[in-house]
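User: I am new to reading protein structures and would like to be led through one, feature by feature. Could you give me the general idea each time and then the case at hand?

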Amino acid sequence: GDARAKAAAEGARTVPPREHGGNCDIKDLSRGSKVYFPVYVEGGGLSVGDLHFSQGDGEITFCGAIEMAGWVHMKVSLIKGGMAKYGIKNPIFKPSPITPNYKDYLIFEGVSVDEKGKQHYLDVTIAYRQACLNAIEYLKKFGYSGAQAYSLLGTAPVQGHISGVVDVPNACATLWLPTEIFDFDINPSAAGPVKVLDGSVDMPISQDK
């Protein structure tokens, strides 16, 4: 009816991350996490979904995490006037104490200069894209296809960091790839990479427009 049409026309979509929560896709929000959501309207509701078994920071392949069905058990309490008390306008998170426990990483840097050599002033999206592309090209030397490497970065618990926004004009982002998820050595050496995989298994992916 009219109420549904009004909600459809005016309601805040939850596909992107938003000031009230939305689809944040933060990989370490699992068992034992705490989330503090600002409430902007009286009687605001709460819903949870889009569960992932594993995901890399940024979920760079869009729906590239390992999706899963599941149950979410929550305890909800209210901090009245919390937004004013703590000066927040976006959610605050306390991640789970149960996180992927890796100690050794290869870290790939990217800066805000795109594949065509165009510089984008302090653009961290471009910088993180370049870090991911650098990691993909590196993994291809071990026999992964481009699509396989791309999928791996979306599903494995890689870390993404904004590493520098101080030295204009370039932003610097890094992708931290845990070496312990591989059953062969991916570290650089004087001998060069050993092609372990034949790259014959590929996956259909949408082409860039």
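User: What share of the residues in the chain is buried?

Analyst: A residue is called buried when its relative accessible area is under 20%, exposed when it is over 50%, and partly exposed in between, using a 1.4 Å probe and protein chains only. In this chain of 209 residues, buried residues make up 28%. Please keep in mind that this is a predicted model, in which local features need pLDDT of at least 70 and side-chain atom pairs count only at pLDDT 80 or more, while totals for chains, interfaces and linings use all residues. Residues are numbered from 1 along each chain as its sequence is written, and side-chain values use heavy atoms, with hydrogens and water left out.

User: Which helices and strands does the chain have, and in what order do they run?

Analyst: Helices (H or I, at least four residues) and strands (E, at least two) are DSSP runs, numbered from the N terminus. The chain has four helices and nine strands, and from the N terminus on they follow the order α-β-β-β-β-β-α-β-β-α-α-β-β.

User: How is the chain divided into domains?

Analyst: Domain bounds come from an automatic or database domain assignment. Here domain 1 covers 11-99 and domain 2 covers 105-178, and their C-alpha centres lie 25 Å apart. Contact means heavy atoms within 4.5 Å, and the contact between these domains takes 10 residues from domain 1 and 12 residues from domain 2.

User: How much area is buried between domain 1 and domain 2, and which residues of domain 1 supply the most of it?

Analyst: Buried area is the accessible area (1.4 Å probe) that two parts lose on being put together, summed over both. Between domain 1 and domain 2 this comes to about 870 Å², with 57% given by carbon and sulfur atoms. Of the area that domain 1 buries against domain 2, Asp-57, Ile-60 and Thr-61 supply 56%, which is more than any other three residues.

User: How many polar contacts and salt bridges are there between the two domains?

Analyst: A polar contact is a pair of N or O atoms within 3.5 Å; within protein, one must be able to donate a hydrogen and the other to accept it, and residues adjacent in sequence count only if both atoms are side-chain atoms. Eight residue pairs (both at pLDDT 80 or more) are in polar contact between domain 1 and domain 2. A salt bridge is a side-chain nitrogen of Lys or Arg within 4 Å of a carboxyl oxygen of Asp or Glu, and the count between the two domains is zero.

User: Where is Thr-61 found, and what does it touch?

Analyst: Thr-61 lies in the loop between β4 and β5 and is buried, with a relative accessible area of 17%. Leaving aside residues up to four places away in sequence, Thr-61 touches Tyr-150, Ser-151 and Gly-154. Gly-154 is one of the buried residues of α4, a helix (residues 146-155) that is mostly covered, with seven of its 10 residues buried. What covers those buried residues includes β4 (52-54), β5 (66-67), α3 (124-140) and β9 (172-178).

User: Which residues other than glycine have a positive phi?

Analyst: Among them is Glu-59, with phi near 40°, which sits in the loop between β4 and β5 and is buried, at a relative accessible area of 6%. Another case is Asp-25, with a positive phi of about 50°, found in the loop between β2 (21-22) and β3 (34-36); Asp-25 is partly exposed, at 23%.
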